[in-house]
Amino acid sequence: MKMQGGCLCGKLRYVVGSEPASAGLCHCRLCQRSSGAPVMAWMTVSTEHFEYTEGAPSIFHSSRHAQREYCPACGTQIAFRSRDTLNSLDVTLNSLDDSSLIKPQYHIWTASKVDWLKLDDGLPQFLDAGPDS
Ligand SMILES: [Zn+2]
Ligand SMILES: [Zn+2]
């Protein structure tokens, strides 16, 4: 499996060379703030199967143990890396050229979900980071 994606302006491009380990929707405040949106969709892929093919990201340390990587020109967020999980990273699902390829499997950090957003997709919901972390 090989999937390609990139930022809004096209300067930052990447390829994912394998099926993601998982994919989910994150309602945490850091995702909300950094995207300006109520929720972000992420897929977890192994570091060895992800690479930037065009451009280089800017890096923002959103906490002491994690960084967010985004296009320096248009600001699209592409990746999230944590020091706690060095062999994998999270990639924004909707930066894929075809984001219908991967379906989210769960919701995490629903403790900070906005109350006007109603979830009826039947997916498991976790108040915190969920069982994978
Ligand atoms: Zn861009
Ligand atoms: Zn989040």
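Student: Where is the place of S99?

Tutor: This is a predicted model, in which local features need pLDDT of at least 70, side-chain atom pairs count only at pLDDT 80 or more, and totals for chains, interfaces and linings use all residues. Residues are numbered from 1 along each chain as its sequence is written, while chains are lettered from A and ligands numbered from 1 in the order in which they are written. S99 sits in the loop between β9 (88–92) and β10 (107–108). Helices (H or I, at least four residues) and strands (E, at least two) are DSSP runs, numbered from the N terminus.

Student: Is S99 buried, exposed or partly exposed?

Tutor: A residue is buried if 20 or more other C-beta atoms lie within 10 Å of its own, exposed if 12 or fewer, and partly exposed in between, with C-beta atoms placed from the backbone. S99 has 15 other C-beta atoms within 10 Å and is therefore partly exposed.

Student: Which residues does S99 touch?

Tutor: Two residues are in contact if their C-beta atoms, placed from the backbone, lie within 7 Å. Not counting residues up to four places away in sequence, S99 touches L93 and N94. S62 is 37 residues from S99 in sequence, and their C-alpha atoms are 25 Å apart.

Student: How many helices and strands does the protein chain have?

Tutor: The protein chain has one helix and ten strands. From the N terminus on, their order is β-β-β-α-β-β-β-β-β-β-β.

Student: What does the radius of gyration indicate about the protein chain?

Tutor: The radius is taken over C-alpha atoms, and the globule rule is 2.2 Å times the number of residues to the power 0.38. For 133 residues, a compact globule would have a radius of gyration near 14 Å; the protein chain has 14 Å, which agrees. Along the principal axes, its C-alpha atoms fill a box of roughly 40 × 30 × 30 Å. Buried residues make up 32% of the 133 residues. Of the contacts with a separation of 6 or more, 56% are between residues 24 or more positions apart.

Student: How should strand pairing be read, and which strands form an open sheet?

Tutor: Strands of a sheet pair through backbone hydrogen bonds, either parallel or antiparallel. Two strands are taken to pair if DSSP finds at least two bridges between them. Here, three strands form an open sheet in the order β1-β2-β5, with antiparallel pairing. The edge strands, β1 (3–6) and β5 (50–54), each pair on one side only. From one strand to the next the twist averages 30°, where axes are lines fitted to C-alpha atoms, for helices over the stretch in contact, and angles run from 0 to 180 degrees between N-to-C directions. Strand β2 (residues 13–16) is joined to β5 by four bridges, and Y14 stands opposite Y52 in β5.

Student: Which strands pair with β3?

Tutor: β3 pairs with β4 in the antiparallel sense over five bridges, and the bridge partner of C26 in β4 is M40. β3 also pairs with β10, in the parallel sense over two bridges; there, L25 stands opposite H107. Four of the five residues of β3 are buried, so the strand is largely enclosed by the rest of the structure.

Student: How many residues of strand β6 are buried?

Tutor: Of the six residues of β6 (residues 58–63), the number buried is zero, so the strand lies largely in the open. β6 pairs with β7 (residues 66–70) in the antiparallel sense over four bridges. A hairpin joins the two through two residues, and S63 stands opposite A66 in β7.

Student: Which residues of the largest nonpolar core touch the most other members?

Tutor: A nonpolar core is a set of buried Ala, Val, Leu, Ile, Met, Phe, Trp, Tyr and Cys residues joined through C-beta atoms within 7 Å. Among the 27 residues of the largest core, C26, W42, M43, I78 and V91 touch the most other members. Two or more residues come from each of β2, β3 (22–26), β4 (40–46), β8 (77–82) and β9. β4 gives the most, with five residues. Beyond its neighbours within four places in sequence, I78 is in contact with residues including C7, L12, Y14 and V91.

Student: Is F80 buried or exposed?

Tutor: F80, found in strand β8, is buried, with 21 other C-beta atoms within 10 Å. Leaving aside neighbours within four places in sequence, F80 is in contact with W42, A66, R68, L89 and D90.
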